[in-house]
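User: Could you walk me through this one? I'm new to reading structures, so please take it one topic at a time.

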Amino acid sequence: MTETGQHWSRSRSVDPILAVERVRKEFRSPRGAVAALRDVTFTLAEGEFACIVGPSGCGKSTLLSIVAGLERPNGGRVLFAGRQVTGPGAERAMVFQEPALFPWLSVRGNVEFALKLRGMGRGERREQAERLLELVGLLRFQGLHPHELSGGMKQRAQLARALAVGSRLLLMDEPFGALDAQTREDLYEEVQRIWAAGTSVLLVTHDVREAVVLADRVLVMTPAPGSIKREVPVPLPRPRRPDGHEVVDVAAEVREALRSEPVTASVSGGRHGR
């Protein structure tokens with residue numbers, strides 16, 4: 001529970017904000033085409049937090065790049081709010097494992113840069129940047145530059161800048177993989193707080209416990225060429241801790257899904273879990 005004794009929760013629409021339909025991806029090599037993704041299909045409801053897990057090399061990050069519009073599929077399509085994704089868009093913000101901050105700008109300057117691209121004036125930019133930095137716990141560090149920050153602080157700054165874009169969907173590609181355990185747990189709380197404030201989230205991770213701590217629903221991928229073989233709902237109240245008994249139990253279910261043979265499953269957002 002939070003310091004105020006309240007559980008974090010939010011309602012979500014049954015209508016999908018994101019629809020991935022039979023997406024296929026191949027890469028060319030000297031030996032010919034290499035299949036990375038095969039008939040990937042799922043939806044994400046507006047207001048939902050979903051995590052994608054799967055074996056190394058199954059195409060998780062490739063799939064996220066396709067949703068972000070950074071890669072194009074060889075087949076199938078991705079729809080965001082009913083419109084086909086053909087490239088990057090401000091409505092879909094990406095957070096990478098390695099923070100991509102501008103080293104010559106301060107923490108606040110990095111956030112204000114995204115706000116400036118939205119056409120905000122100087123006064124409004126400062127106000128909004130400070131609000132976002134307060135949300136991620138960096139307000140008192142706003143004048144520091146990236147080389148003066150710890151790894152966790154850099155990720156917080158990257159989160160604030162992603163939120164400054166004004167996106168409806170936050171895409172996260174293993175953003176906590178390089179951090180120590182305590183910093184990861186601190187950021188889990190920040191991300192859940194951001195989700196509760198109104199952002200849909202799709203996160204890729206190799207850490208099953210992390211997925212269960214954060215998600216409404218875990219999508220399990222097959223080995224390459226990757227496809228969605230099962231979904232595991234996570235109907236647990238937030239905030240959650242990695243060592244909670246219920247989290248451990250659901251994580252065991254996800255691990256069993258990773259080990260099992262592919263099955264046919266419904267993977268439509270907003271129909272399972274809370």
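User: Which residues do ring pairs link into a cluster?
Analyst: This is a predicted model, and in it ring pairs link Phe102, Trp104 and Phe113 into a cluster.

User: How many aromatic pairs turn up in the whole structure?
Analyst: A search of the whole structure finds 3 aromatic pairs. One of them joins Phe102 and Phe113, which meet edge-to-face, with 4.8 Å from centre to centre and 75 degrees between the planes. That pair links distant parts of the chain, since Phe102 sits in the loop between strand 6 (92-95) and helix 2 (107-117), while Phe113 belongs to helix 2, 11 residues apart.

User: Are Phe102 and Phe113 buried or exposed?
Analyst: Neither word fits exactly: Phe102 has a relative accessibility of 24%, so it counts as partly exposed, and Phe113, at 36%, also counts as partly exposed.

User: And what about Phe176 and Tyr188, how are their rings arranged?
Analyst: The ring centres of Phe176 and Tyr188 are 5.5 Å apart and the planes stand at 75 degrees, so this pair is edge-to-face. It links distant parts of the chain, with Phe176 in the loop between strand 7 (169-173) and helix 5 (181-196) and Tyr188 in helix 5, 12 residues apart. Phe176 is buried, with a relative accessible area of 1%, and Tyr188 counts as buried at 5%.

User: Which charged residue sits over the ring of Trp195?
Analyst: That is Arg238, whose charged end sits over the ring of Trp195, 4.0 Å from its centre. Going back to the cluster, Arg161 lies over the face of Phe102, at 5.0 Å from the ring centre.

User: Where does helix 4 run, and what span does it reach?
Analyst: Helix 4 covers residues 151-164, which is 14 residues, and reaches 20 Å from its first C-alpha to its last, close to the 20 Å expected at 1.5 Å a residue. After helix 4 comes Gly166, whose phi is positive, near 85 degrees.

User: Why is helix 4 described as largely enclosed?
Analyst: Because 12 of its 14 residues are buried, helix 4 is largely enclosed by the rest of the structure. The buried ones include Met153, Leu159 and Arg161, and the buried residues of helix 4 pack against strand 6, helix 2, helix 3 (122-135), strand 7 and helix 5.

User: Switching to strands, what is the order in the open sheet?
Analyst: The open sheet has 4 strands in the order 2-1-4-5, with antiparallel pairing. Its edge strands are strand 2 (32-45) and strand 5 (83-84), each of which pairs on one side only. Strand 1 (residues 16-29) and strand 4 (residues 75-80) pair in the antiparallel sense over 5 bridges, and the bridge partner of Leu18 in strand 4 is Phe80.

User: What lies across those strands?
Analyst: Helix 1 (residues 60-68) lies across strand 1, strand 2 and strand 4, running at about 120 degrees to strand 1.

User: And strand 3, how many of its residues are buried?
Analyst: In strand 3 (residues 49-53), 5 of the 5 residues are buried, so it is largely enclosed by the rest of the structure. Both faces are covered, with Phe49, Cys51 and Val53 buried on one side and Ala50 and Ile52 buried on the other.

User: Which strands does strand 3 pair with?
Analyst: Strand 3 pairs in the parallel sense with strand 8 (residues 200-204) over 4 bridges, where the bridge partner of Phe49 is Val201. Strand 3 also pairs in the parallel sense with strand 9 (residues 217-221) over 4 bridges, and there the bridge partner of Cys51 is Val218.

How values were computed. Residues are numbered from 1 along each chain as its sequence is written. This is a predicted model: local features need pLDDT of at least 70, side-chain atom pairs count only at pLDDT 80 or more; totals for chains, interfaces and linings use all residues. Side-chain values use heavy atoms; hydrogens and water are left out. Rings of Phe, Tyr and Trp (its six-membered ring) pair if their centres lie within 6.5 Å; planes under 30 degrees apart count as stacked, over 60 as edge-to-face and the rest as tilted. Helices (H or I, at least four residues) and strands (E, at least two) are DSSP runs, numbered from the N terminus. Buried means under 20% relative accessible area, exposed over 50%, partly exposed in between (1.4 Å probe, protein chains only). A charge sits over a ring if NZ of Lys or CZ of Arg is within 6 Å of the ring centre and within 35 degrees of the ring normal. The expected span of a helix is 1.5 Å times one less than its number of residues. Contact means heavy atoms within 4.5 Å. Two strands pair if DSSP finds at least two bridges between them. Axes are lines fitted to C-alpha atoms, for helices over the stretch in contact, and angles run from 0 to 180 degrees between N-to-C directions.
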